[in-house]
Amino acid sequence: MQPTVRSGVAPFYVMEVMRAAEAREAAGLPVLHLEVGQPSTPAPAGARRAAIEAIESQTLGYTGAAGLPALRRGLSDWYRRRHDLDVAPERIVVTTGASGSCVLGFLALFEAGDRVAVLEPGYPCYRNDLEVLGIDVVPVPVGHETGFRPTIEQLEGLGPLAGLIVASPSNPTGTVLGTDLLGPLTAWARAGGVRLIVDEIYHGITYGEPTPTALANGDDVIVFNSFSKYFSMTGWRVGWIVAPPAVAAAVEKLAQSLTVAPPTVGQIAAIAALDCVDELETNVARYRTNRDIVLDGLVAAGLDRSAPADGAFYVWTDVSAVGVDSQELCRRWLDETGVAVTPGIDFDRPRGHDFVRFSYAGAGADLREAMDRLADWLGRHG
Ligand SMILES: Cc1ncc(COP(=O)(O)O)c(C=O)c1O
């Protein structure tokens, strides 16, 4: 039996790297993991304690489709504490990770056949989800010239759009969109009736000035977020959407049918995680040190064309000077140095052959060793 045409999404090439890394480890050979896109730390201690207590004392049945009222209120407080913003709990719908926010959000915001712009390089699931839903994907190539940010002129040249999706900080480039761009972007979207979605899943993991949320630009901006990255809770599967009330209500109604509710134990842990900022900031401090190790290591190895890396825990690096397609390069680095890195084609189909993504979410000592090995390899193959 053949599956549907629309289910034929592009595979994740990073999975190939992960499979090859596992095979190498199964053969007893060590691997330095710079391919994984998740924190190497567990959920904060307070979140874990809350989960254990809940498992031992509660039924843990379904919650409402929009999530636990206490979590929606907790997130509303979070915006007040962190950003001095009033975001009513009714505008917040808890989802099964930002992945859940994508599916439910896209369904609530776009019709089949709509044209929606996504940045290239960008997170591949936007494109895949939109394609599955019959929405036309309009790529917006961004590169070194603009610090991997889109420009208003570029967007104006795209023709009529129903939506634009950006991530700040971005996966894979680490680019942060500051108020200097988010303000004009929101004004442009508002003027043209374009629905602006800002994926803030890496919010909190930034290394410069505190990053404002896009919600500060108005109640018509749609934000996706999650407990996966800053809160170090990928496997707990809890995210959220902030949207105007009518869209939030539509997301809730869709969730009733598509997912029933996000995981209950994850939501209980998430409520506690909101009070674990000290521990979470320790993680961010470690990412900051790791980022310098990788950026300095790459420059020392002769790879000096990387995206700004102002946030998230990735460095997106141009490896075209090596003269080997990035997919082949990642295969060789794994085989010949034991360093696992993600090839760029997951994030940028046309130009990703020239780029790789380094994740620095792991241990500093491993990253130093990885940089030394790559410098040595590049020295021998330069
Ligand atoms: C930019 C971006 N958005 C969304 C997601 C989905 O995350 P989750 O479903 O774990 O919240 C990821 C995961 O890596 C991501 O990098």
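**Exercise 1.** In this predicted model, find how many bridges join strand β2 to β8, and which way the two strands run.

Solution. Start with β2, which covers residues 92–95. Four bridges connect β2 with β8, and the two strands are antiparallel. One pair to look up is Ile 92, whose bridge partner in β8 is Val 242. Next, turn to β7, residues 222–226. Strand β7 is also joined to β8 by four bridges in the antiparallel sense. Here Ser 226 has Gly 239 of β8 as its bridge partner.

**Exercise 2.** Determine which residues of β8 point one way and which the other, and whether they are buried or exposed.

Solution. Strand β8 spans residues 239–242. Gly 239 and Ile 241 point to one side, while Trp 240 and Val 242 point to the other. In a regular strand, side chains alternate between the two faces of the sheet. All of these β8 residues are buried.

**Exercise 3.** Give the strand order of the open sheet that contains β12, and explain which strands stand at its edges.

Solution. The order is β9-β12-β11, and the pairing is antiparallel. Strands β9 (314–318) and β11 (342–343) each have a single partner strand, so they are the edges, and one side of each has no neighbour in the sheet. Between β11 and β12 (residues 355–359) there are two bridges. Pro 343 lies opposite Val 356 of β12.

**Exercise 4.** Check the length of helix α11 against its residue count, then find which side of the helix is buried.

Solution. Helix α11 has 12 residues, 326–337; at 1.5 Å a residue it should span 16 Å, and its end C-alpha atoms are 15 Å apart, which agrees. Its buried residues include Ser 326, Leu 329, Cys 330, Trp 333 and Leu 334. These cover an arc of only 130 degrees around the axis, so they are on the same side of α11. Exposed residues Glu 328, Asp 335 and Glu 336 are on the face turned away from that buried side. Among the elements covering the buried residues are α1 (13–26), β10 (339–340), β11, β12 and α12 (364–381). After the helix comes Gly 338, with a positive phi near 75 degrees.

**Exercise 5.** Describe how the chain is divided and which element gives the most to the side of domain 1 that touches domain 2.

Solution. Domain 1 is 5–42 + 278–381, and domain 2 is 61–276. Their centres, taken over C-alpha atoms, are separated by 25 Å. In domain 1, 35 residues are in contact with 32 residues of domain 2. On the domain 1 side, α10 (277–300), β9 and β12 each supply at least two residues. Helix α10 gives the most, with seven residues. By class, this side has 18 nonpolar, eight polar and nine charged residues.

Definitions and conventions:
Residues numbered from 1 in each chain as written. Predicted model: local features only at pLDDT ≥ 70, side-chain atom pairs only at ≥ 80, totals over all residues. Pairing = 2+ DSSP bridges. Buried ≥ 20, exposed ≤ 12 C-beta atoms within 10 Å, placed from the backbone. Expected span 1.5 Å × (residues − 1). Arc of directions from axis to C-beta. Contact = placed C-beta atoms within 7 Å. Domains from an automatic or database assignment. Nonpolar A, V, L, I, M, F, W, Y, C, P; charged D, E, K, R; others polar.
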